[in-house]
Amino acid sequence: MSIALLPRMSRITPWSVAKWTLAICIAIVAAFPIWWMFNVVFADPGQPVSLNPRLYPTSFSSGISNIQRVLTETGYLRAYYVSVAYTILTIAGVLLVSSMAAFEFALFDFPGKRILFAVVMLSLMVPMAATLIPTYLLVARLGWLNTMQGLVLPGLASAFGLFMLTQFMKSIPREMLEAARLDGASHFQLYWHVALPLSRTALVTLAILTFMKTWGNFIWPLVVSQKPEMFTVSQVVSLFNSPLSHTTVDVVMTANLLAAVPPLIFFLIFQRRIVEGIASTGSKG
Amino acid sequence: MSSLEITNAHKNYGAVEVLKDICLDVSSGEFVVFVGPSGCGKSTLLRMIAGLEEISGGEIRLDGQVINDTDPARRGVAMVFQSYALYPHMTVAENMGFTLKLSRAPKREITEKVDQAARILQLEKLLDRKPGQLSGGQKQRVAIGRAIVREPKVFLFDEPLSNLDAELRIQMRAELALLHKRLGSTMIYVTHDQVEAMTLADKMVVMNGGVIQQVGRPLDLYDDPDNMFVAGFVGTPRMNFLEAEVAGLNAGTVEARLSGSDSGLRFAHGGAGLSVGQKVTLGIRPEHIALSDHGGSATFPLSIGFVEELGESTCVHGEIPGGARVTVLSHGARFADDRQVHTCFDPAKVLVFDQQGRRVRSG
Amino acid sequence: MRLTKSLPNFMMLTPFMLLFGAFFLYPILSGFGYSFFDWDGIHEPAFVGLKNYEMILNARSSRIAATNLLTYVMITVPLGVSVAFGLALLVDHFQGFWARFFRSVYFVPVVMPLFLAATIWRWIYAPNFGVLNLILGWFGFENVRFLTDPDVMLYSLIGVDVWVSAGFNMVILLAGLKDIPRHYYEAARLDGANKLQEIRYVTLPMIRPVMIFVVTYSFISALQVFDIPWLLTGSSFLDYGGRRDALLFPVMDMMGRGFGRLGFGQAAAYGFLLTLVIVAITATIFAFQRKKENG
Ligand SMILES: Nc1ncnc2c1ncn2[C@@H]1O[C@H](COP(=O)(O)OP(=O)(O)OP(=O)(O)O)[C@@H](O)[C@H]1O
Ligand SMILES: [Mg+2]
């Protein structure tokens, strides 16, 4: 095993040297900023950053105390709750709502199906810039500013999710549904007992992509949650980084690191799913 | 009493009529096979009985009740699909018990019925597997088990064996026949394989172009087909058809001259419905033609085109004078290609069809 | 009759369609309506006809934003896609563990939310003690003011942008590369093609549809750029765009007009104009591609 992992020594050519050098250099560029963020958090306090580029972590305990400080002395923990709730509700809502609609579009015929689907798909072409301000005005008029529903509901009708799940559900064999109908399943039971379990892979992929999008959403919380109680992690992080905040770099990076942890963990667990999910939407779109 | 009656059923897809005026009675406990070429509407008819396809016109009754608009689940029918259509995310036991679970049957009852069906089909050891871990034959058995659990009035099978390899198909065919005997339920079975149809059916329904051509016991269709389509469809190798003209009517026999040649043929027929000079088609099965090296009266020379030797039988393809192609099935004898032999038609087995392909019966 | 039969279908569609209608169709239409009014969100809206559009088209800030956007898009899209393609080719030349390893490492920046990418890079780009300046210093370069020198700022943004997006596009292109049947390469090799010719005559033509998707998608996201320049410049609704508006982009301009100056009518008009431009560009790419395919 370990032998197989090593490049075979017998084949050192200028080409393979160049290939490996390039690959490793790029890997460093890609990973360094994140590594550096980590090092800044876990660094001996009091040393000016300028003297030490922080190429490796130097103090575990000061990192922990940085984290403790950020979580207890600022509104970070609260923002974390808001972000987690925002993300979970959005994922659940997107999965439910778009899988129900995808079930119909993929597997049944009904009057108006083509036109409805076409309208939803056209919306994929419309940039969020077009809807941002009017959606904000609508949410404001509903009195939903600084509320969870104002944060979540406008993001649930995901045309992308509908498209992805519809494509996937089209591959469910018609006979499978007919068998279930003969077994006595109602329309909703067909969805719940047959279509949903059969779409598990697509649902997981959509959940992960929705997670990344929602956790990283900056602009919508920026306009909807204006009160500190409803700040999300993205806003708190941007406050830490704002020119007016007089926090030190290690505290700022702690805030950043804490925001990066959930997506990084997700990536470590679901790496293959994420990569394949993105790849497949690319080649299908 | 008929358990299933279909009267004047139609099916249209838009302007296209795929089933025309279907009338059929199926008695309780009967094994009925729908057979016909691809696209003739067998599946559509079966799916109409199941309730998966709307009925454009006519009536379907089950035990005297019109079921045209009854929900498929309430008709008391169960269907086995060609692709098995097992739920891949459920175990074999869950697949079979799904219908009971949906109807909120108590757990004990579900287990009991599933076990019982599993015993009938020898699936006991596979109950905890997922369909992905089963062979084709096992999947097929689970699909049948799922139908058995529903205790339907009518079992419907849509080409259930066509995804299996030849050997397994024969084995499953026998098992199905046994199952029918054991359960005694009404079964309707769709296939385009006429051997399967012949071996399984109590009653065979031959269809073509959305029309029922003939209904009857397999051997009745073989011996006494109503028209050229049925005559040609039932039996392998196919029946030979020869264009001819009626040359003379005698008591009990008819003389005909084959088109494009001077050869005449005399065969048993009452002569009803025939007149001298009428153009007809004669049908004779390959197994009713004898081959010999010597000519004689009532024989035709046959120039052999090619020979298929199957072991227990030999299939000889050739041409008779006038250019008509003829297939002869013989047992035991060996023939070389490109040889001239003589054929002798069994005069008692010649069938006559009119210009429209309808059978002209002897009396 | 048919409608009652389809009732279950419509019931399942209802949640999606209601949300879609309320939070997509209605905003689009109402936004178009607002764009003809002067409205601060508090007082009665006043109808002003096309004045909002006029103001936007004549404003200095929107012209700067448009120029910045044009420069930015013209550089970042080709550069980003080329880098991604290069990465895909590079990863494709590794097998097994190392292919997966490099793919994962190159993909890590994609996992970072954009706001984090921006805030991390803000510190890397920091003057004097920022890591990048430190490293440049080792090689004897002068201190570069990445985020405050108007001549450099745009390129700093593009740097972050490529860092973030390359992995995303790489993954899509890599899947495209894997879909190319091997025998095309074998045939090319038999015809005596070298590595470069293989890329030119086999890889590029075969990967075209995927490439077009990547380019279109990059265009659409680049035209709406917001998070990264907003955070790199430490913007707020009242003060945004960075020094000498060097990182002022249309979506930022729109947000500022709406929330900073409470001109929601103008902001709506801005959004509508932006949509027109983006849809026009997307349509052009598609049309161009169609024509090339047919011709
Ligand atoms: N949804 C449909 N719309 C239009 N025509 C259809 C539809 N479904 C079936 N048909 C047509 O109806 C005819 C009968 O189809 P059916 O599936 O019943 O044939 P079949 O006898 O089962 O053939 P096979 O042996 O190939 O399964 C065919 O000609 C088919 O083209
Ligand atoms: Mg069929």
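# Contacts between and within chains A, B and C

Biologist: How many residue pairs between chain B and chain A are in polar contact, and what makes a pair a polar contact?

Modeller: Between chain B and chain A the count is 7 residue pairs in polar contact, both residues of each pair being at pLDDT 80 or more. A pair earns the name because an N or O atom of one lies within 3.5 Å of an N or O atom of the other, where, within protein, one atom must be able to donate a hydrogen and the other to accept it, and residues adjacent in sequence count only if both atoms are side-chain atoms. Please keep in mind that this is a predicted model, in which local features need pLDDT of at least 70 and side-chain atom pairs count only at pLDDT 80 or more, while totals for chains, interfaces and linings use all residues. Residues are numbered from 1 along each chain as its sequence is written, chains are lettered from A and ligands numbered from 1 in the order in which they are written, and side-chain values use heavy atoms, with hydrogens and water left out.

Biologist: Which elements of chain B each supply at least two residues of the side that touches chain A?

Modeller: These are helix 1 (42–50), strand 6 (77–80) and helix 2 (92–102) of chain B, where helices (H or I, at least four residues) and strands (E, at least two) are DSSP runs numbered from the N terminus. Helix 2 of chain B gives the most to that side, with 4 residues. By class the side of chain B that touches chain A holds 14 nonpolar, 5 polar and 4 charged residues, Ala, Val, Leu, Ile, Met, Phe, Trp, Tyr, Cys and Pro counting as nonpolar, Asp, Glu, Lys and Arg as charged, and the others, Gly among them, as polar.

Biologist: Why is the pairing of A:Glu178 with B:Arg47 called a salt bridge?

Modeller: The closest N and O atoms of A:Glu178 and B:Arg47 are 2.6 Å apart, and the rule asks for a side-chain nitrogen of Lys or Arg within 4 Å of a carboxyl oxygen of Asp or Glu, so the pair qualifies. Across the interface of chain B and chain A the rule finds 1 salt bridge.

Biologist: How many residues of chain B are in contact with chain A, and what do the two chains bury between them?

Modeller: With contact meaning heavy atoms within 4.5 Å, 23 residues of chain B touch 16 residues of chain A. The buried area, that is, the accessible area (1.4 Å probe) that two parts lose on being put together, summed over both, is about 1700 Å², with 61% of it on carbon and sulfur atoms. On the chain B side, B:Tyr87, B:His89 and B:Leu102 lose the most area to chain A, together 29% of what that side buries.

Biologist: What makes up the contact of chain A with chain C?

Modeller: The contact takes 94 residues from chain A and 80 residues from chain C, and the area buried there is about 7900 Å², of which carbon and sulfur atoms give 83%. The salt-bridge rule finds 0 across this interface, whereas 12 residue pairs are in polar contact, both at pLDDT 80 or more. The chain A side divides into 73 nonpolar, 17 polar and 4 charged residues.

Biologist: How is chain B divided into domains, and what do those domains bury between them?

Modeller: An automatic or database domain assignment sets the bounds, giving domain 1 (4–233) and domain 2 (240–353) of chain B. UniProt, in an unreviewed entry, lists residues 4–234 of chain B as "domain: ABC transporter", an annotation that may be inferred rather than shown by experiment. The area buried between domain 1 and domain 2 of chain B is about 630 Å², of which carbon and sulfur atoms give 63%, and B:Tyr222, B:Met228 and B:Ala231 supply 76% of what domain 1 buries, more than any other three residues.

Biologist: What is found between domain 1 of chain A and domain 2 of chain A in the way of salt bridges and polar contact?

Modeller: Between these two domains of chain A there are 0 salt bridges and 0 residue pairs in polar contact, counting pairs with both residues at pLDDT 80 or more. The side of domain 1 of chain A that touches domain 2 has 8 nonpolar, no polar and no charged residues. The area buried between them is about 650 Å², with 92% from carbon and sulfur atoms.
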